Amino acid sequence: MSMTSVVTAIPLPEHSALHARVGQHDFLDCFGVSAETTPRRAAEIITSFPGWARFLLQIRRVVTTPFGLSQDGPDAPDKVGPFPVEVETENEMIAGFDDRHLNFRVSVMSENGRVSLATWVHPHNIGGRIYLAAILPFHVLIARNALARVARAAR
């Protein structure tokens, strides 16, 4: 892998509409990679999970179903993977939804030959905070892998 396709942790791009959501106790991370593609195409690649990530999502389904958590996201006229699209501009797509335990959105931005993937989470209660802590290591692996796949596809 060339140095330009290395996935790195970065600050949320200053033009992201996600900034308006971020509160003091919210979770926010952002990763970036060099790639030339649209936000929608990048989001489609990101949500085309590889087998190992689908397996982790299946485990999540089994564990969280008894708690009434959403498994496939709410119905929506426009979705990328399980996530309803909330905002789409030339440079950014924001998707996600509000659930019983937390609200979350992902932002996929494409600017100046760089794609970023940011995740914002607002836990509602102790269940949301426990859930976030439990999935965080897997989230980071999935996010980094997703951007590496975006970079490969954009070559």
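In this predicted model, Val80 of strand β3 faces Phe83 in β4. The two strands, β3 (residues 79-80) and β4 (residues 83-88), pair in the antiparallel sense through two bridges. Together β3 and β4 make a hairpin with two residues between them, and Gly81 in the turn adopts a positive phi of about 60 degrees.

A second hairpin follows directly in the description, since β4 is shared. Strand β5 (residues 92-98) runs antiparallel to β4 and is joined to it by three bridges. Here three residues lie between the strands of the hairpin. Val85 stands opposite Ala95 in β5, and Val87 has Ile94 as its bridge partner in β5.

These hairpins belong to a wider arrangement. Seven strands make up an open sheet, ordered β1-β2-β7-β6-β5-β4-β3, with antiparallel pairing. The edges are held by β1 (8-9) and β3, each with a single partner strand, so one side of each has no neighbour in the sheet. Helix α1 (residues 39-46) packs on this sheet and touches β3, β4, β5, β6 (102-111) and β7 (114-123). The direction of α1 makes about 125 degrees with that of β6. Helix α3, in turn, lies across β1, β2 (27-34), β6 and β7, and runs at about 10 degrees to β2. Both helices therefore meet β6 and β7, as α1 touches these two strands and α3 lies across them.

The helices also pack against one another. The axes of α1 and α3 come within 9 Å and cross at roughly 125 degrees, which makes α1 oblique to α3. The crossing of α1 past α3 is right-handed. On the α1 side the contact is made by Ala42, Ile45 and Ile46, and on the α3 side by Ala146, Leu147, Arg149, Val150 and Ala153. By class, this contact comprises seven nonpolar residues, no polar ones and one charged residue.

Helix α3 (residues 126-154) has a further helical partner in α2 (residues 51-64), and these two pack at an angle of about 160 degrees with their axes 11 Å apart. The pair is therefore roughly antiparallel. In this case α2 passes α3 in a left-handed crossing. Trp52, Ala53, Leu56, Arg60 and Thr64 of α2 meet Tyr131, Phe138, Leu141, Ile142 and Asn145 of α3. The residues of this contact divide into seven nonpolar, two polar and one charged.

A word on confidence rounds off the picture. The protein chain has a mean pLDDT of 90, with 94% of its residues at 70 or more. Among the elements of the chain, β2 has the highest mean pLDDT, 98, and α2 the lowest, 79. Where pLDDT is low, predicted coordinates should not be read in detail.

Terms used
Residues are numbered from 1 along each chain as its sequence is written. This is a predicted model: local features need pLDDT of at least 70, side-chain atom pairs count only at pLDDT 80 or more; totals for chains, interfaces and linings use all residues. Side-chain values use heavy atoms; hydrogens and water are left out. Axes are lines fitted to C-alpha atoms, for helices over the stretch in contact, and angles run from 0 to 180 degrees between N-to-C directions. Helices (H or I, at least four residues) and strands (E, at least two) are DSSP runs, numbered from the N terminus. Angles under 35 degrees count as roughly parallel, over 145 as roughly antiparallel, 65 to 115 as roughly perpendicular and the rest as oblique. A crossing is left-handed if the near helix is turned anticlockwise from the far one by less than a right angle, and right-handed if clockwise. Contact means heavy atoms within 4.5 Å. Ala, Val, Leu, Ile, Met, Phe, Trp, Tyr, Cys and Pro count as nonpolar, Asp, Glu, Lys and Arg as charged, and the others, Gly among them, as polar. Two strands pair if DSSP finds at least two bridges between them. pLDDT is the predictor's confidence in each residue, from 0 to 100.
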